Amino acid sequence: DCSVQIRKVRLRPRTDEERRQAAEREERRKSKIALAESIESYLATDFQSEIREVAVDDTEVSIRGAVSSSERGFTSWRLREVLPHESLSETNAEYSIPIESPSNFHLHLPRAAESRDRLYSAWRIEGTTDGARWRPVSARRYPDTISLTAHRGAHPRPLPGNQKGLGGIDPRAPLDELSELGVTAITINLVLNRFLSETPGRGREPIAVTGPEVYFDPSAFQYYDRVIDFARRHSIVVSAIVLIPQSKNANRRSPLIHPDSDGGIYTMPDLTSKRGSRIYAFVMQRIADRYADPSRSPGAITNWIAHNEVDFHTVWTNMGQQPRSVYIETYYRSLRIIASAARRRNPHARVFVSLTHHWTVPDDGLWRRLSPRETLDSIQRYSRLEGDFPWGVAYHPYPQSLFAKDAWHDAKAKEDLETPLITIQNIDVLVQFLDSPKMHDKSGKIRPVLLSEQGYHSASYSDEDQASQAGSLWYAMKRIRDKSWIESFHYHRWIDH
């Protein structure tokens, strides 16, 4: 505790500029609250009309659906293409197609439209009575199936030979140690900013967007090729953590950074503009295309972890202060872009939701934290409503304190779904939640889990401290070894951190 003494305090009224700024902040806050309410209303709506299937192949998008007889009060209907940067509140209908037979329609559209790939688009049905005001009458729908020529002969999804994984893998380190340790899974930090340049150069590819020129720089592949190809040659499964570092120079922000980002280590991608979302999809697509085939050099990325610890987003995936439902809906669109980019060449690619060891986090109205339980529940609701896709959970079950000497004294790790934390001590709570029918994928299976980051602290290099650290690792591996739904336990990290 400390005492602070302040003398001769003088107060003054706010200036006109300060009042103007405060009014603008309040208007932005009201707008965000209104958007959050519209998202929550959408998720609660029982739509009677539906798009039943969206199928994508090499050349076209096939869309089947039907308008319910209860919606026949409208005089016209249209199929609205929803672009990746458009949130649920968007009313602009830049791209729409008339529906001539609303009771049961089946439309075939070219996959390429202008300079965009409709693989990344979603679709919804809208109706009107006057030709001017259109109202959504169905949920948004993303691709259900992606069947491409590139998928023929694809190898099955590789699974690690055991649960022993490591994080913090650096291509400059002695990779042979991975084999010596019996490691069968690794995580790598996939830093997207490395692949962009503002200037042309040898091998750089211009990205077709409006605004300042931006180029994809393939030279960044050199950094990752050594690790990923080593993993291919030694049957090690690679999980890539998709990261966008915060800019240190406010005047030269990467076009990947979300415009509302106001701090933190990493940020949410810019999914507010056509330019930002196209750059993001382009970069993800080029990376995923290169690392699609586990049978040949330079190897494959099997699992794509979407950003880092999104429930603690102010630090680890920042997009400024946002209501929970606004943040989750944006994150969900990022998941969809990653999933579609990865599945262009690899039909078995899967995207994972990254979360800390927290579980139930009350909403304090300050827009600083998410609840991991609420996040997973929301992603599942979107997935069921808008077309299921292959996703899983990348959980970080650290001890209650990251500086704990052992892994089995977590007082806040309760054995029920209302627990504030899920650590390795009560990891069974996670499977209890994920193995409920409401959380299963469309085939009725539990979604796969990566324990993609956790570790145990040693205060010193004394024999006693290192024995305690080793004991915690033994305890953790014993807790998960009979749980087949946990594909990997990625110890953080390979070297001291």
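A residue is called buried when its relative accessible area is under 20%. That cut-off helps in reading this predicted model, whose charged pairs and largest pocket are described here.

Salt bridges come up again and again in this structure, and a search of the whole of it finds 38. Side chains of opposite charge can pair when their charged atoms come close. A good place to start is R140, which sits in the loop between β9 (134-136) and β10 (145-146). R140 forms a salt bridge with E329, and the closest N and O atoms of this pair are 3.0 Å apart. E329 belongs to helix α6 (residues 324-343), so the pair links distant parts of the chain, 189 residues apart. Both R140 and E329 are buried.

R140 also forms a salt bridge with E386, where the closest N and O atoms lie 3.1 Å apart. Here again distant parts of the chain are linked, since E386 is found in helix α7 (residues 372-386), 246 residues apart from R140. Like R140, E386 is buried.

Another salt bridge joins D289 to R344, with 2.7 Å between the closest N and O atoms. D289 is part of helix α4 (residues 274-290), while R344 lies in the loop between α6 and β18 (350-355). These two residues are 55 residues apart, and their pair, too, links distant parts of the chain. Is R344 buried or exposed? R344 has a relative accessible area of 8%, and because buried means under 20%, R344 counts as buried.

Salt bridges can also be followed from one residue to the next in a group. R78, R80, E86, R124 and E126 are linked in such a network of salt bridges.

Attention now turns to the pocket. The largest pocket has a volume of about 1300 Å³, and 46 residues line it. Which of them lie nearest its centre? They are Y398, E453, H492, R493 and H497. In character, the residues of the lining divide into 21 nonpolar, 18 polar and 7 charged.

Several helices and strands contribute to this lining. At least two residues each are supplied by the strands β12 (185-191), β16 (237-243) and β20 (449-454), and by the helices α3 (221-233) and α9 (463-480). It is β12 that gives the most to the lining, with 4 residues.

Note on methods
Residues are numbered from 1 along each chain as its sequence is written. This is a predicted model: local features need pLDDT of at least 70, side-chain atom pairs count only at pLDDT 80 or more; totals for chains, interfaces and linings use all residues. Side-chain values use heavy atoms; hydrogens and water are left out. On a 1 Å grid over the protein atoms alone, a cavity is a set of points where a 1.4 Å probe fits but cannot get out, and a pocket is an open set with protein on both sides within 12 Å along at least five of seven lines; lining residues have an atom within 4 Å of a point. Grid points are joined across faces, edges and corners, and a volume is the space filled by probe spheres set on the points. Ala, Val, Leu, Ile, Met, Phe, Trp, Tyr, Cys and Pro count as nonpolar, Asp, Glu, Lys and Arg as charged, and the others, Gly among them, as polar. A salt bridge is a side-chain nitrogen of Lys or Arg within 4 Å of a carboxyl oxygen of Asp or Glu. Buried means under 20% relative accessible area, exposed over 50%, partly exposed in between (1.4 Å probe, protein chains only).
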